[in-house]
Amino acid sequence: MENRIKSVDKMKKIMKKYYLGAKYAKYFGKKIAWITSGGPVEPLIAIGIIPVYPENHGAMIGASKIGAKLSEYAEGLGYSSDVCSYAKLDITSSITRQSPIGGLPKPDMLICCNNICATVQKWYEIQARKFNVPLFIYDTPFCHVDLDDSAKKYLKSQTKEYIGFLEQVTKKKLDYDKMQEVGKLSVKAMKIWQEVLDCAMQKPSPLTAFDAFIHLALIVTLRGKKIVVDYYQTLLEELKERIKNKIPAVENEKYRLLWDNLPIWYKMRWLSNTFAKYGGALVADTYTQSWCSVVDYVDENNFLETMGEAYARVYLNIGTDKMAESAIKLIDKYSIDGVVLHSNRSCKPYSFGQYDIARIIQEKRGIPTLFIEADMADERKFAQAQVENRISSFMEVISQLRN
Ligand code: SF4
């Protein structure tokens with residue numbers, strides 16, 4: 001059984017207000033930018049543009065269990081079933097307006113950062129043509145092991161071009177003092193988010209990766225706004241209180257697990273309950289860490305000059321060895337007994353290297369790994385009975401190793 005975190009109600013209200021604000025942006029003379037989840041949002045906030053995230057919208061659609069229906073619609077338009085479901089859901093819902101919030105507000109511009117995958121580039125080109133709006137591509141070199149000086153210089157030039165693009169579209173000059181303030185708030189939010197996730201180092205953990213997936217919405221969408229810092233502070237206090245009173249996220253936590261890849265939005269509760277039945281608590285994940293793990297590369301007093309490097313070092317833009325290194329750090333930090341890897345049909349950059357990562361984990365830490373084949377938003381890719389059997393065998397192995 002799971003103990004619910006109460007702050008989540010406050011977060012839902014903030015998200016509702018944010019989406020309403022975006023919906024009525026035109027009435028307040030505000031522009032809307034659609035932006036990729038790993039994109040540099042801070043300059044948008046500083047210049048007064050409302051950022052909107054098709055991927056967050058895709059997660060909502062997935063959680064509402066209409067992802068399969070809308071993916072099928074996209075396939076009927078000629079998109080392959082192998083195309084990322086977030087892209088298909090966005091393209092479909094911008095035509096049919098089907099979604100839990102009746103579709104996203106029309107964009108005035110699109111901002112695509114290719115630090116997460118190559119799909120976003122084609123997807124945003126399609127939408128830029130559809131809406132007939134300008135598209136800016138913030139290009140991040142791949143960081144196999146490290147970034148050399150020319151890559152860092154290139155990233156600075158990308159930031160400069162990005163600001164120029166925003167000033168041209170809005171016909172406004174960026175206020176650099178405001179930018180600095182937004183940068184500081186963004187860094188602060190990332191640090192508190194890390195503190196939130198680190199509460200899971202406690203045994204028993206007061207939160208699970210499923211809680212982290214839900215609470216991620218704010219750091220993704222409104223990073224750089226004070227409301228995000230305030231909310232995570234409230235959440236952190238609640239978690240500290242739970243630690244003090246020994247309130248666990250999973251009753252009788254026996255085994256601590258790490259999740260890799262995006263969540264399976266339409267099966268979160270089922271997965272959480274199924275693992276909990278065996279005393280398994282998914283206490284950490286590689287996904288939600290992406291929004292704080294690069295904070296050390298940003299200088300909050302020189303945000304604009306340094307943000308490019310941080311954005312180029314996110315989890316999906318680093319080599320497989322580096323990904324395995326990050327996963328092993330999490331295994332040690334959160335005292336992990338086993339790793340669950342969601343082999344995600346949609347997300348190739350996340351899923352391709354997973355078998356190598358699992359092998360490295362087994363070699364270096366000798367803990368078991370479990371693969372779950374699915375898709376983050378398309379229910380057709382999830383075979384429940386098969387997954388249930390695999391979880392049962394996996395938990396059996398973990399318990400035998402423990403004993
Ligand atoms: S392919 Fe992966 S990173 Fe790219 S948009 Fe889809 S889920 Fe996100």
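**Exercise 1. Place N132 and K171 in the chain, and work out what their backbones share with each other.**

Step 1. In this predicted model, N132 sits in the loop that runs between α6 (119-131) and β4 (135-138). K171 belongs to the loop between α7 (149-170) and α8.

Step 2. Turn next to the backbone angle phi, which is near 55 degrees for N132, a positive value in a residue other than glycine. For K171, which is not a glycine either, phi is positive too, at about 55 degrees. As background, most residues other than glycine have a negative phi.

Step 3. Finally, consider accessibility, for which the cut-off for an exposed residue is a relative accessible area over 50%. N132 counts as exposed because its relative accessible area is 69%, and K171 is likewise exposed because its relative accessibility is 73%.

**Exercise 2. Find the cis peptide bond, and then follow the contacts that lead from it to E253.**

Step 1. The cis bond joins K203 and P204, with an omega of about -5 degrees, and P204 lies in the loop between α8 (176-198) and α9. In general, most peptide bonds are trans.

Step 2. Both K203 and P204 appear among the contacts of E253, which also touches S205, G279, A281 and V283 when neighbours within four places in sequence are left aside. E253 itself is placed in the loop between α10 (226-244) and β5 (255-260).

Step 3. To decide whether E253 is buried or exposed, compare its relative accessibility with the cut-off: E253 is buried because its value of 18% falls under 20%.

Step 4. The side chain of E253 also makes a polar contact, at 2.9 Å, with the side chain of R256. A further spatial relation is that E253 and A276, although 23 residues apart in sequence, have C-alpha atoms 7.6 Å apart in space.

**Exercise 3. Describe the surroundings of E42, beginning with its helix and ending with its side-chain partners.**

Step 1. E42 is part of helix α2, which covers residues 42-47. E42 counts as buried because its relative accessible area is 0%.

Step 2. Setting aside residues up to four places away in sequence, E42 touches M179, V182, S186, R223, F303 and Y311.

Step 3. Two of these partners also take part in polar contacts between side chains: S186 is joined to E42 by a contact of 2.6 Å, and R223 is joined to E42 by a contact of 3.4 Å.

**Exercise 4. Report how many cavities of 30 Å³ or more the model holds, and describe the linings of the two largest.**

Step 1. The count comes to three cavities of 30 Å³ or more. The largest has a volume of about 50 Å³, and the second largest has a volume of about 40 Å³.

Step 2. The largest cavity is lined by residues including L197, L207, T208, V283, D285 and Q289. Two elements, α9 (209-221) and β6 (280-285), each give two or more residues to this lining, and β6 gives the most, with three.

Step 3. By residue class, the lining of the largest cavity has seven nonpolar residues, three polar residues and one charged residue.

Step 4. F371, I372, E373, Q386, V387 and R390 line the second largest cavity, and the elements giving two or more residues to that lining are β8 (369-374) and α16 (384-402). Its residues divide into three nonpolar, one polar and two charged.

**Exercise 5. Characterise the second largest pocket and the shell around the ligand by the residues that form them.**

Step 1. The second largest pocket has a volume of about 590 Å³. Its lining consists of 21 residues, and those nearest its centre are S293, V294, Y297, S326 and K329.

Step 2. Helix α13, made of residues 320-333, gives the most to this lining, with six residues. Sorted by class, the lining of the second largest pocket has nine nonpolar, six polar and six charged residues.

Step 3. Around the ligand lie E55, C84, Y86, I116, C117, V120, W123, L262, L316, S346, C347 and M376. This shell around the ligand divides into 10 nonpolar residues, one polar residue and one charged residue.

Technical notes:
Residues are numbered from 1 along each chain as its sequence is written. This is a predicted model: local features need pLDDT of at least 70, side-chain atom pairs count only at pLDDT 80 or more; totals for chains, interfaces and linings use all residues. Side-chain values use heavy atoms; hydrogens and water are left out. On a 1 Å grid over the protein atoms alone, a cavity is a set of points where a 1.4 Å probe fits but cannot get out, and a pocket is an open set with protein on both sides within 12 Å along at least five of seven lines; lining residues have an atom within 4 Å of a point. Grid points are joined across faces, edges and corners, and a volume is the space filled by probe spheres set on the points. Helices (H or I, at least four residues) and strands (E, at least two) are DSSP runs, numbered from the N terminus. Ala, Val, Leu, Ile, Met, Phe, Trp, Tyr, Cys and Pro count as nonpolar, Asp, Glu, Lys and Arg as charged, and the others, Gly among them, as polar. Buried means under 20% relative accessible area, exposed over 50%, partly exposed in between (1.4 Å probe, protein chains only). Contact means heavy atoms within 4.5 Å. A polar contact is a pair of N or O atoms within 3.5 Å; within protein, one must be able to donate a hydrogen and the other to accept it, and residues adjacent in sequence count only if both atoms are side-chain atoms. A residue is near a molecule or strand if one of its heavy atoms lies within 4 Å of it.
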